[in-house]
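Work through the exercises below with the sequence and the coordinates open, and try each task before reading its solution.

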Amino acid sequence: MTGMLTQFRSYERSARLLMVNQFTINLGFYMLMPYLAAHLSGTLGLAGWLVGLVLGVRNFSQQGMFLVGGALADRFGYKPLIVTGCVLRTLGFATLGLVDSLSALLAASAATGLAGALFNPAVRAYLAAAAGDRRLEAFALFNVFYQAGILLGPLVGMVLTGVNFRVTCLVSAGIFALLSIVQIRALPARGDESAPDGAAADESTSDGAAPDDGGRRRAGLLSLWRSVLGNRPFLLFSGAMIGSYVLSFQVYLALPLEVRRLGGEGEFGTAAVAGMFAVSGLSTILCQTRVTRWCKARMTAGRALARGLLTMGLAFVPLLAATALPVPAGGLGRWALAAVPPALCALLLALGTMITYPFEMDTIVRLSGNRLVATHYGLYNTICGIGITLGNLLTGAALDASRSAGLPALPWIALPALGLACSAALHGLHRTGRLAPSSAKLEAAMG
């Protein structure tokens, strides 16, 4: 921990602030979101489909607007988008705790999702610029703060929600309000100087007059999107990395379902799921910077990415092996079968993520040619978000099919196959030089 603190202090103030901000953002988000569904269905008495609608609106508004948020950050600067996102989260979370009408809940949910779409690409692009040549190490440390917020948030939320869910909402809103003030006062302005600030400034309307400011801005955003969508190496990389997000998300989907299938819905099942999350979060907090340092000294970015995906695919082998064992009727044997293989899987998924994440974030910057970085991050998040949605649908279908057909091994065969396929794709991109294209190739790819 001392070495991590020393490393943290070695970065400039803006980079340190962004790391602490990310911890606080995740703290405020995860202290509320895990308990929102219970509030909507229990306290407010909404039907299940309405609960799903409110939660789905948040996810859709975030995933669907990442590209817009990234382009706006490149167009107007990173700080305004970070501050705007935090202000929106403040309003959205406060509203969730104070209203009970469906229309207001939907508006608040959309605002919280849009907030994430605004500040997430901007934060990553800002950190990449602030860290300079130390991007890889900065993103490793950033992930430590990120995971610490995820780990601590639900614990704080559990205590506050035990008092009243409204208290949780207001405290979370207060955290984002404080973040907004701190960033307005302490975060220096920064943006992508390569963004075409006047992308359409020299264009004329059909009657020869200069377009108004709104026309320039719309044309400017379209120019940014066209440029990024024309970056073929980046698009190939994004497609290959979808598997990492589908696999890592199984900590929230397939693994808890497997724990409860074998361990039941009682206290043991709840404790086993909590332990699984603790294993994942604590391992990242304790080991991320060491893993990154070890990988950087021994392999290129392409090899690290391929091996990280391979590790994530192999993470499901303990679950596959467990299906060959007889299921005890109860007692300690049943509990061990329900808890140990998922915990091992979560640990290996965390290791795979530790290997890939810093190289992944750094590769996006390199594939962008250090131009329009936030827009690239925005499109990357959108592509991976769509992949997560489709992957979860297919994983859920595989889980249902495995139970109805009496083939418990089916999902634990499909998920490693996905990891192997994505690892092979990344290895191919690395071997053909697409993960480290020359400046000339990037300029040609992006027009």
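**Exercise 1.** Determine whether Arg-366 counts as buried, partly exposed or exposed, and find which salt bridge the side chain of Arg-366 makes with Asp-362 as the partner.

*Solution.* The model is a predicted one, and the relative accessibility of Arg-366 in it comes to 28%. Since buried requires a value under 20% and exposed a value over 50%, Arg-366 counts as partly exposed. The next step is the partner: the side chains of Asp-362 and Arg-366 meet in a salt bridge with an N to O distance of 3.3 Å. Asp-362 has a relative accessible area of 11% and is therefore buried, so this bridge joins a buried residue to a partly exposed one. Both belong to helix H15, where a spacing of 4 residues separates them by about one helical turn. The last step widens the view, as Arg-135, Asp-362 and Arg-366 are linked in a network of salt bridges.

**Exercise 2.** State how many salt bridges the rule yields, and describe the pairs Glu-12 with Arg-190 and Lys-296 with Glu-137.

*Solution.* The count comes to 5 salt bridges, where a side-chain nitrogen of Lys or Arg must lie within 4 Å of a carboxyl oxygen of Asp or Glu. For the pair of Glu-12 and Arg-190, the N to O distance is 4.0 Å. The two residues come from distant parts of the chain, 178 residues apart, with Glu-12 in the loop between helix H1 (2-9) and helix H2 (13-30) and Arg-190 in the loop between H8 and helix H9 (213-229). Glu-12 is partly exposed at a relative accessible area of 40%, and Arg-190 is partly exposed at 33%.

For the pair of Lys-296 and Glu-137, the N to O distance is 2.4 Å. Lys-296 lies in helix H12 (residues 267-298) and Glu-137 in helix H7 (residues 135-163), so the bridge ties together parts that are 159 residues apart in sequence. Lys-296 has a relative accessible area of 44% and is thus partly exposed.

**Exercise 3.** Work out how helix H5 (residues 78-98) and helix H8 (residues 165-186) are arranged relative to each other, and characterise the residues of their contact.

*Solution.* Begin with the axes, which come within 8 Å of each other and cross at roughly 165 degrees. Angles over 145 degrees count as roughly antiparallel, and H5 and H8 are therefore roughly antiparallel to each other. As to handedness, H5 passes H8 in a left-handed crossing. The contact is then read residue by residue: the H5 side includes Ile-82, Val-83, Cys-86, Phe-93 and Leu-96, while the H8 side includes Cys-169, Leu-170, Phe-176, Leu-179 and Ile-184. Sorted by kind, the residues of this contact divide into 15 nonpolar, 5 polar and 3 charged.

**Exercise 4.** Repeat the analysis for helices H15 and H16, and then examine the backbone of Asn-370 and Leu-372 in the loop that lies between them.

*Solution.* The axes of H15 and H16 come within 9 Å and cross at roughly 125 degrees, which makes H15 oblique to H16. H15 passes H16 in a right-handed crossing. The contact is made by Glu-360, Met-361, Ile-364 and Val-365 on the H15 side and by Val-373, His-376, Tyr-377 and Tyr-380 on the H16 side, and these residues divide into 6 nonpolar, 1 polar and 1 charged.

Turning to the loop between helix H15 (331-367) and helix H16 (373-404), Asn-370 is placed there and has a phi near 60 degrees, a positive value in a residue other than glycine. Most residues other than glycine have a negative phi. Leu-372, which is in the loop between H15 and H16 as well, has a positive phi near 55 degrees. At 1% relative accessibility, Leu-372 counts as buried.

**Exercise 5.** Establish whether Thr-356 is buried or exposed, and list its contacts beyond its neighbours within four places in sequence.

*Solution.* Thr-356 is found in helix H15, and its relative accessible area of 2% means that Thr-356 is buried. With the neighbours within four places in sequence left aside, Thr-356 is in contact with Ala-304, Leu-305, Gly-308 and Leu-309.

Note on methods:
Residues numbered from 1 in each chain as written. Predicted model: local features only at pLDDT ≥ 70, side-chain atom pairs only at ≥ 80, totals over all residues. Heavy atoms only, no water. Axes fitted to C-alpha atoms, helices over the stretch in contact; angles between N-to-C directions. Parallel < 35°, antiparallel > 145°, perpendicular 65-115°, else oblique. Left-handed = near helix turned anticlockwise from the far one by under 90°. Contact = heavy atoms within 4.5 Å. Nonpolar A, V, L, I, M, F, W, Y, C, P; charged D, E, K, R; others polar. Buried < 20%, exposed > 50% of the residue type's maximum accessible area, 1.4 Å probe, protein only.
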